[in-house]
Amino acid sequence: ESLVFNRAYCQQAVCAPSRNSFMTGRRPDTTKAWNFIDHFREPNVGLNWTSLPQYFKKNGYFSSGVGKLYHPNLPPNYDPPSWSDLSTFPYINPNPMGCKDHTWCAIPSKEKTTFADKNSTKIFRQRLQHVAKQKLPFFLGIGFHKPHLAWRFPEEFLQYYPASSQIKPAKHRLPPVGMPTVAWHQCFPEGRNKDIVFNNISVPLPVDTQQTFRRAYYAATSFMDSLVGEVLDELDMLGLTNDTIVSFHADHGWQLGEHNEWCKQTNFELATRVPLMMRVPWKAATMGKTTNAFAELVDLYPTLVELAGLPAASKENLDGKSLASLFDDLSQTIKNVTLSQYPRCLKNKANDACGGTPRDQFDYMGYTMRTE
């Protein structure tokens, strides 16, 4: 029943910078948050900006959330100005037991354990029950961790996929010819996980390893999808479905062996393109439709504001554009280009993706442009 955007893109293909971007409606070059050190609430950046959930709070909405919405401590303490109620934070440790130095693990049903996303879902459903009982207008967010590494999920989700030997590996297993090496990122350093044979730019992981990893990723995604279903079921049971905008998206894409890339942290298509679907019950003309119109996560802020009927956030000087008019007429062209970027820190041998590198020590900033 959603409008599905086939060509939606994040502004930087890694967690913290992407979340600082879409939660403020501003690009990374505006937030100055390109790593896992900086955030938009720093002095001389966005100390007085109004974030997306904060804008709804200022307009009389109950604003709350659970799970990975902001990246932990970026901004600090999950940005108290954004929320009416911080009782559902802090962020829940996604893998309290991990996968014992492995990339993935399927947990048998007989094993007593917890899954962070399952806990987040339980708390989120309680939040929904609260706003329904109090009859509050609400902005509620839930951030699922999976299918982030490590791929830890209930074993029964493997049944939805064929054996690993029947899973197709990546079609293009080597980088593009003529690619500058600075564009490539090595996701799996040697020795980090016991189930990985070290790969480099010209040597892909063994095919059977690729197939196993892909199946595990798919299963972890299905686990997360089942929890989304629980949230939507709760909306139905509370009678909120027909009055609630539901927006589903990721913070970045993911590479599963294409161009010999795994994870994210590049400017390639599969790292920057994200799932985005939005259900707006009072926009019946586009419910259940798909569109190839360009969209960026930076557009979420102005789009949700307009679809909810709130005053435009014109004083915020957002970088994103509202896509709300597409919900009435899919023939429109609102933008003809999307922009993403990623830094490189080649002097940092342990992490060329710049996560722990101060922004004044970056070696390169790469940009990518998606057009027709």
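**Entry 1: the sheet**

I looked up the strands first and found four of them in an open sheet, in the order β6-β9-β1-β10, with mixed pairing. I noted that β6 (246–249) and β10 (290–296) stand at the edges with a single partner strand each, so one side of each has no neighbour in the sheet. From one strand to the next, the twist averages 25°. I should add that the model I am reading is a predicted one.

Next I took the pair β1 and β10. I found that β1 (residues 3–9) and β10 run parallel and are joined by five bridges. For one position I checked the partner: Ala8 stands opposite Ala295 in β10.

**Entry 2: a helix on the sheet**

Which strands does helix α7 lie across? I traced residues 300–307, which make up α7, and found the helix across β6, β9 (273–279) and β10. The helix runs at about 5° to β9.

**Entry 3: salt bridges**

I looked up the salt bridges and the count came to 19. I then went through some of them.

I began with Arg279 and Glu1, whose closest N and O atoms are 2.6 Å apart in a salt bridge. Arg279 sits in strand β9 and Glu1 in the segment before β1, so I wrote the pair down as a link between distant parts of the chain, 278 residues apart. Is each partner buried or exposed? Arg279 has a relative accessible area of 11%, and because the cut-off for buried is under 20%, Arg279 is buried. Glu1 is exposed, at 62% relative accessibility.

The second pair I looked up was Arg19 with Asp251, a salt bridge of 3.0 Å from N to O. Arg19 belongs to helix α1 (residues 15–22) and Asp251 to the loop between β6 and β7 (255–256), so this pair ties together parts 232 residues apart in sequence. I checked the accessibility of both side chains' residues: Arg19 is buried at 7%, and Asp251 counts as buried at 10%.

The third pair was Arg214 and Glu258, a salt bridge with its closest N and O atoms 2.6 Å apart. I placed Arg214 in helix α5 (residues 207–237) and Glu258 in the loop between β7 and β8 (262–263); the pair links distant parts of the chain, 44 residues apart. Arg214 counts as buried, with 8% relative accessibility.

**Entry 4: a network**

Which residues are linked in a network of salt bridges? I listed Arg27, Glu296, Asp299 and Lys335.

Note on methods
Residues are numbered from 1 along each chain as its sequence is written. This is a predicted model: local features need pLDDT of at least 70, side-chain atom pairs count only at pLDDT 80 or more; totals for chains, interfaces and linings use all residues. Side-chain values use heavy atoms; hydrogens and water are left out. Two strands pair if DSSP finds at least two bridges between them. Helices (H or I, at least four residues) and strands (E, at least two) are DSSP runs, numbered from the N terminus. Axes are lines fitted to C-alpha atoms, for helices over the stretch in contact, and angles run from 0 to 180 degrees between N-to-C directions. Contact means heavy atoms within 4.5 Å. A salt bridge is a side-chain nitrogen of Lys or Arg within 4 Å of a carboxyl oxygen of Asp or Glu. Buried means under 20% relative accessible area, exposed over 50%, partly exposed in between (1.4 Å probe, protein chains only).
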